[in-house]
Every structure is written in C-alpha cells, then in structure tokens.
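Trainee: Could we go through this model together? I would like to hear the reasoning behind each label.
Mentor: Gladly, let's look at it first.

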Amino acid sequence: MSAQDVAPALAAGSCEDLVVDRMRWWDLDDVQELERQLFAADPWTAGQFWSELARVPESRWYVVARRGSRIVGYAGVFVVGPEADVQTVAVDLGERGRGTGRALLGALVDRVRARGATVVHLEVRADNAAAIGLYTALGFAADGRRRDYYGRGHDALLMSLRLPGGPGSTVAPGGGA
Ligand SMILES: CC(C)(COP(=O)(O)OP(=O)(O)OC[C@H]1O[C@@H](n2cnc3c(N)ncnc32)[C@H](O)[C@@H]1OP(=O)(O)O)[C@@H](O)C(=O)NCCC(=O)NCCS
C-alpha cells in the first residue's frame, strides 16, 4: 500500500471500503472529536494539531482513514534526515480489529521510506497490548524501556523499525509494513 501524496489506498479483505489519505485542515474537527473520545485524559489541543499540520510536508506527515465519509482513524509521523518518530496512531473504538491501524501505520512507514529515512522510532505504554501488537505485526522491535515515563508505575516501551538500506534492516523492500 502506498500513501504518496493524495493517492488513496484501498486495503484488502475486510477493509475494502477503507481509504487512507493525507490529513487536511478541514479534517481537524472530526479528528479532534475522535482524539477527545480516545485520549480523554490528555487530548491534543486544536493548536497542537494545527501546529503539526503546518509542518507538513517538511518534517511531518499525517493521514486519516475513512469509511465512506466518516473518519475512523488517524496517524502522524515526524521525519528528519534518517530518523522518524511516530507521533500518534488512533482508531475509533467501533472500528478496531479490522486492519485500520495496520493501514494507517503502513501509510506512515511508506512515507518515511519514500523520504529516505532508515529507522522509525516510537514509544508506547508498556501495558498497551493492542498498540504493541500492532507495532510488532509491522516489524517493530522493542529496544528500550523508560521507567515511569507515563507516571509512577507506567513505563514506556521504546520500539523501532529498521528500513531497507539502513543499518540492521530486517524488512524486505516493498514488504513488511
Ligand atoms: C492500537 C490501535 C491503533 C490498533 O488499531 P486496530 O485498527 O484495531 O489494529 P488492526 O486491526 O490494524 O490490527 C493490526 C494488528 O495489530 C495487532 N493487534 C490489534 N489489536 C490488538 C490487540 N487488542 N491485542 C494484541 N494485538 C493486537 C494484531 O497483530 C493485528 O493483526 P491481526 O489482525 O492480523 O492479528 C487501536 O487499538 C487504538 O486506537 N488504540 C488506542 C490508541 C492507542 O493506544 N494508540 C497507540 C498509542 S502509542
């Protein structure tokens, strides 16, 4: 799957009607609505989303997943030189387990690869089994841990994905994510 510029990506199988496309400013109301539902304790503000989109395409890339006209997920990545960092991945509760997270993250990895970066990093709560499962399914491997990163007793797992051409890469060109 490729998410080059505005080219929509159709996922296979149960996701035939899922379209992954770059995020635009006019998507932000729907994205923020989801953000507030999914990250109620500490949602990104409108200012944070606008600030991220203002840095596209130089150092950021954001995508949304749609079923019909409804936004059901979104994701974003920070890319500078050979390094990238996943900023967010989120899927509507009622849409989980249908390949949406995989399609979103795959679109980000495609973009990172196209930019010539060779490694993608991220941090995730060590007790977030769904997210760790998603990242592992796409080839990310744990390579560190930050104790109490999310507050006392809530560690962050550091994970990374080496891309073809980079040191220690394990993903075949065109495969994996
Ligand atoms: C993490 C999240 C994005 C996954 O989205 P999703 O659309 O349900 O994921 P997918 O259906 O694409 O699943 C892809 C793979 O991830 C793994 N996975 C998904 N849900 C999982 C779960 N609950 N437990 C373990 N692995 C899981 C599986 O390997 C799955 O592949 P499979 O279906 O072939 O088995 C979603 O659960 C979410 O939005 N969580 C809340 C926000 C969040 O935690 N974001 C990450 C912050 S670091």
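**Reasoning through the model**

Mentor: Read along the sequence, the chain runs β-β-α-α-β-β-β-α-β-α-β-β. That gives four helices and eight strands. Please keep in mind that this is a predicted model.

Trainee: How do you know that β6 and β8 pair?
Mentor: Pairing asks for at least two bridges between the strands. Strand β6 (residues 119–125) and strand β8 (residues 156–162) share seven bridges in the antiparallel sense, so they count as paired. As one example, Arg125 stands opposite Ala156 in β8.

Trainee: And what makes β7 a partner of β8?
Mentor: The test is again at least two bridges. Strand β7 (residues 141–146) and β8 have five bridges, antiparallel in sense, so this is a pair too. Here Ala141 stands opposite Ser160 in β8.

Trainee: Why is β7 called hardly covered?
Mentor: The count of buried residues among its six residues is zero. To be buried, a residue needs 20 or more other C-beta atoms within 10 Å of its own.

Trainee: Why is Asp143 called exposed?
Mentor: Exposed means 12 or fewer other C-beta atoms within 10 Å. Asp143, in strand β7, has 10 such neighbours, so it counts as exposed.

Trainee: What makes Leu158 a contact of Asp143?
Mentor: A contact requires C-beta atoms within 7 Å, and Asp143 touches Leu158, Met159 and Ser160, leaving aside residues up to four places away in sequence. The C-alpha atoms of Asp143 and Leu158 are separated by 5.7 Å, with their positions 15 residues apart along the chain counted as the separation.

Trainee: Is Asp148 buried or exposed, and how do you know?
Mentor: Asp148 lies in the loop between β7 and β8. It has 10 other C-beta atoms within 10 Å, and the limit for exposed is 12 or fewer, so Asp148 is exposed. Its backbone has a positive phi of about 60° although Asp148 is not a glycine.

Trainee: Why is Pro43 called partly exposed?
Mentor: Pro43 has 16 other C-beta atoms within 10 Å. That value falls between the limit of 12 for exposed and the limit of 20 for buried, so Pro43 is partly exposed. Its place is the loop between α1 (28–38) and α2. Not counting residues up to four places away in sequence, Pro43 touches Glu35 and Arg36.

Trainee: Where is the cis peptide bond?
Mentor: The bond from Val56 to Pro57 is cis, with omega near 5°. Pro57 sits in the loop between α2 (46–53) and β3 (60–67).

Trainee: How do you know that the buried residues of α1 line one face?
Mentor: The buried residues of α1 are Leu28, Val31, Leu34 and Glu35. Seen down the helix axis, they fall within an arc of 125°, so they line one face of α1. An α-helix has 3.6 residues a turn, so residues three or four places apart point the same way. The face of α1 turned away from the buried side carries the exposed residues Asp29, Arg36 and Gln37.

Trainee: What covers the buried residues of α1?
Mentor: The cover includes α2, β3, β4 (70–80) and β5.

Trainee: Which residues touch the most other members of the largest nonpolar core?
Mentor: Of its 40 residues, these are Val63, Tyr74, Leu104, Leu108, Val112 and Val120. The largest share of this core, seven residues, comes from α3. Tyr74 has contacts that include Val31 and Leu34, two of the buried residues of α1. Other contacts of Tyr74 include Met23, Val63, Ala90 and Leu104.

Trainee: What surrounds the ligand?
Mentor: There are 19 residues around the ligand, and Arg96, Gly101, Arg102, Ala130 and Gly133 come nearest. The elements giving two or more residues to this shell are β5 (83–91), α3 (100–114) and α4 (129–137). The largest share, six residues, comes from α4.

Trainee: How many residues of each class does that shell have?
Mentor: The shell has 10 nonpolar, six polar and three charged residues.

Trainee: And how much of the chain counts as buried?
Mentor: Of the 177 residues, 33% count as buried. Among contacts with a separation of 6 or more, 55% are between residues 24 or more positions apart.

Methods. Residues are numbered from 1 along each chain as its sequence is written. This is a predicted model: local features need pLDDT of at least 70, side-chain atom pairs count only at pLDDT 80 or more; totals for chains, interfaces and linings use all residues. A residue is near a molecule or strand if its C-beta atom, placed from the backbone, lies within 6 Å of it. Ala, Val, Leu, Ile, Met, Phe, Trp, Tyr, Cys and Pro count as nonpolar, Asp, Glu, Lys and Arg as charged, and the others, Gly among them, as polar. The arc is that of the directions from the helix axis to the C-beta atoms. A nonpolar core is a set of buried Ala, Val, Leu, Ile, Met, Phe, Trp, Tyr and Cys residues joined through C-beta atoms within 7 Å.
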